[in-house]
Structure formats: C-alpha cells, structure tokens
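Grab a viewer and work through a few packing and backbone exercises. Try each one yourself before reading its solution.

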Amino acid sequence: MAVTTTSTSSIIKAERGSLRFRRIKNSIFLSGLSVFAQLYLFQPVLPLLCKEFKISPAESSWAVSASTMGMAVGLFIFSLKADALPRKQLMGFAMLASAVLTLLSVFIHNFHLLIAVSFVKGAILSGVTAVALAYLSEEVSLNALGLAISLYLSGNAIGGMAGRIVVMLIAGWANWRWAAAFVGVSSLILGLFFMKRLPASKHFMPLPVNIGQKWQQMGIFFRQPVIVFIYLAAFLLMGGFVSIYNYTGFHLEEPPFSLPHYVIACIFLMYTLGVSGTMVAGRLSDKIAPAKLIRFFIPATAVGLLLMLISQLVVFIGGLGIFTFSFFGTHTLASRIVSQEAKEGKSSATSLYWLFYYAGSAIIGTATGVVLTGWGWATFIFSLLLLVIAGFLLVFRAGRE
C-alpha cells in the first residue's frame, strides 16, 4: 500500500515555475521518450527483419509483440508490487536496464533470442509506466499537475513517433542494427540524465504490499460488467491499431504504391493526429458523458479502415489519419470510463486496463499478420473491421449497464 504524506501541505509539493518542478517535468518527459522509442523499436523495420531472418511478416511481428506482451506482464506484476519500491530508483533502473538490452539486441543474430530479449525489455520498461503518473500526483502541486501529466503523455507520443521515424530512416540508409544502436545509446544517455536530475520522492514511502488484498480488489473489477466490457474492447481495438502500424509498411512497399523507405517513414507523423484525438476527446468528455461520446469515435475508426482499401495514396493516408485520430480518442475515453467506474483501487483498475491493452497489441498484432500473409490486404482490413464492430458492441453494452 502506498503512503503519501498527508500532513504536509500541498504548497510543499513542486509548484509551477520552481526548480524542482522544472526538473520533474523535464525528466518525466524524457522518460516517455525513452520508453516508447524502445518499446516499438522494431515496428518500422519489420520488412528488414523478414529479409535478414528469412521469416514471414506474421513471424516478424513477434519482435514487437514480445515487447508489448512483456509490458503487459510487467504491468501486472508491478500493479501488485510497485508500492513496495522507491519510485525514482524503479524508474531509473527500468530506463538503464532496458537501454542495455536494446544495445544487446544489436549483436543478436538469432530471431528467437531477439524475441526473448524484447520480452524481457518490455517487462522492465513497465517499471516506468507503472509508477510515473503516481509519482507526478504525489510530488507535483494540484495547480501544476495537469501540465506535468500532459508533458509526460506528450513524451510518450513523441517518443513513439520520433523513434519510429528515426529508426526507419537510419535502417533504410544503413541497417536496423545501426538504428537499434542509436536508440540504445540515446536511451542510456536519457536514463543517466533522468537519474541525475529527477528529484527523489518526498511524499511517498515504500511499504510492504498486501498481495491478498490486491487480488481481492482486482476480483471486484471482474464482477463489474462495465469495466469488463471496456477491458475487452481495449484488447480488440488496440490489437487492430498495432496491426495497422505493423503491416502498413509492407503494403506501401508493394505496387501500386511502391514507396521508398524515407517516404514510408513519414506515415508515423500520423501520431500527431493521435495526440489531437486525445486532446479533443478529453475536452469533449468534460461536457459529454464518455460512455456516449465513445460511440462516435469507434465508428470513425471503421471509416478510416474502409478508406485504406482504396489504392490512391491521398485517400489511403487520409484513412490512416482518421483511423489514428479516432483510435486515440477512443483510448482516452475508455481509460476515463475505467477510472470513473472504479470507485476504489483506481490504480489497480488502470493497471488491468493497460494489461488488456498491451495483451491485445501482442496477440492480435501477430495473428492479423497471418491473415495478411495468407489472404491479402483487403481481407486483412475486413478482419480489423470485425474487431472494431466487436469493440463497438462491447462499448454499447457497457453504456447500457
């Protein structure tokens, strides 16, 4: 159980404009860059992995799925044990150890070993994701907390986007090993800077955790239909989202598009639309119930998918943009619904949401590669449409509970 200092006035927490606040926000922002650049390191270079290791697109996707599955497993473990560990030391260790594993992957020439290292790396990276928001809520004053959290989430999005673009460009001009080395060295530097600059916790004391109590709390969530339906919808929709970004590069390399790698790299700029989707959904949910609003965002992802069936580049990219914007908006609303429905143990409820989220990424992200390899792009898109429809039905049912 976490202990936050309650006798200390919130004025003692880091205030906007103070040196402590600047160090916190800058360090947390950089942690987001590191985590998501490493987590999705191999996504933009899956075609290169296919060529080097002589594997299919579905098999190559395990390089990404192993990381996200590791993240899911790690988040589950940390949901039980994170409050028994110092926040700064946990996050710092996760950043440094994952950077070492990223550098180690440069020298691996066996694909199965690469998958194993990616899984361990994802599990270690979850140490940052599991406690970053908790650290901010404990150490930053209420009037500056929104800014601090938005910077952390921006670091996540920018790290995911920039990491993919830089990796694809370096891999295209050299090879994927040089790209992995660049991410590994950069992440190691960020980890060292993080450990030096992030202030230690003043409002948190690690204490032994009652595992039995945590299990009972989680059991309560699985008896709440609304939360269960949202968990399952997150599993399906995140699986569809990762599938698109796993395999779109393969599709754009082939006729009728036949695009070079430096043009394909630009598709990851669509993440800027994802950030916009998050902001729009967040603001609208202050005025409209998230359970109602999400019913409009999910069908919009289906519209985006249908546009990606058209073999005209402008229309295709427009469809990808709509899909990305709508998915991020859906994700924002779904996580808010879970937070609202969980009257107690919100951190545990959120951890379980992330577990389903990343499990969907790993399992569906690989399974849909089999569909693409065996039946082609159109069947692949229609399979994702089925996932979206199923996710919509789950959310619609949740709204009626």
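Below are three exercises, each with a worked solution.

This is a predicted model, where local features need pLDDT of at least 70 and side-chain atom pairs count only at pLDDT 80 or more, while totals for chains, interfaces and linings use all residues. Residues are numbered from 1 along each chain as its sequence is written, and side-chain values use heavy atoms, with hydrogens and water left out.

**Exercise 1.** Work out how helix 5 packs against helix 8, and then how helix 1 packs against helix 5.

Solution.
- Step 1: find the elements. Helices are DSSP runs (H or I, at least four residues), numbered from the N terminus.
- Step 2: take the first pair. The axes of helix 5 (residues 87-105) and helix 8 (residues 176-197) come within 8 Å and cross at roughly 160°. Axes are lines fitted to C-alpha atoms over the stretch in contact, and angles run from 0 to 180 degrees between N-to-C directions. Helix 5 and helix 8 are therefore roughly antiparallel (over 145 degrees).
- Step 3: sort that contact by class. Helix 5 with helix 8 gives 15 nonpolar, six polar and two charged residues. Here Ala, Val, Leu, Ile, Met, Phe, Trp, Tyr, Cys and Pro count as nonpolar, Asp, Glu, Lys and Arg as charged, and the others, Gly among them, as polar.
- Step 4: turn to helix 1 (residues 19-39). Its axis is 11 Å from that of helix 5, at an angle of about 35°. Ile-28, Leu-30, Ser-31, Ser-34 and Gln-38 of helix 1 meet Met-91, Met-95, Ser-98, Ala-99 and Thr-102 of helix 5, with contact meaning heavy atoms within 4.5 Å. That makes five nonpolar, five polar and no charged residues.

**Exercise 2.** Which residues of helix 2 are buried, and what covers them?

Solution.
- Step 1: list them. In helix 2 (residues 46-53), Leu-46, Pro-47, Leu-49, Cys-50 and Phe-53 are buried (under 20% relative accessible area; exposed is over 50%, partly exposed in between, with a 1.4 Å probe and protein chains only).
- Step 2: look down the axis. These residues fall within an arc of 160°, so they line one face of helix 2; the arc is that of the directions from the helix axis to the C-beta atoms.
- Step 3: find the cover, which includes helix 4 (62-81), helix 6 (111-139) and helix 10 (225-253).

**Exercise 3.** Where do Lys-54, Ser-258 and Pro-256 sit, and what is unusual about their backbones?

Solution.
- Step 1: recall the background. Most residues other than glycine have a negative phi, and most peptide bonds are trans.
- Step 2: Lys-54, in the loop between helix 2 and helix 3, has a positive phi of about 55°. Lys-54 is exposed, at 73%.
- Step 3: Ser-258, in the loop between helix 10 and helix 11, has a phi near 50° and is partly exposed, at 44%.
- Step 4: Pro-256 is found in the loop between helix 10 and helix 11. The peptide bond from Pro-255 to Pro-256 is cis, with omega near 10°.

How values were computed: Helices (H or I, at least four residues) and strands (E, at least two) are DSSP runs, numbered from the N terminus. Angles under 35 degrees count as roughly parallel, over 145 as roughly antiparallel, 65 to 115 as roughly perpendicular and the rest as oblique.
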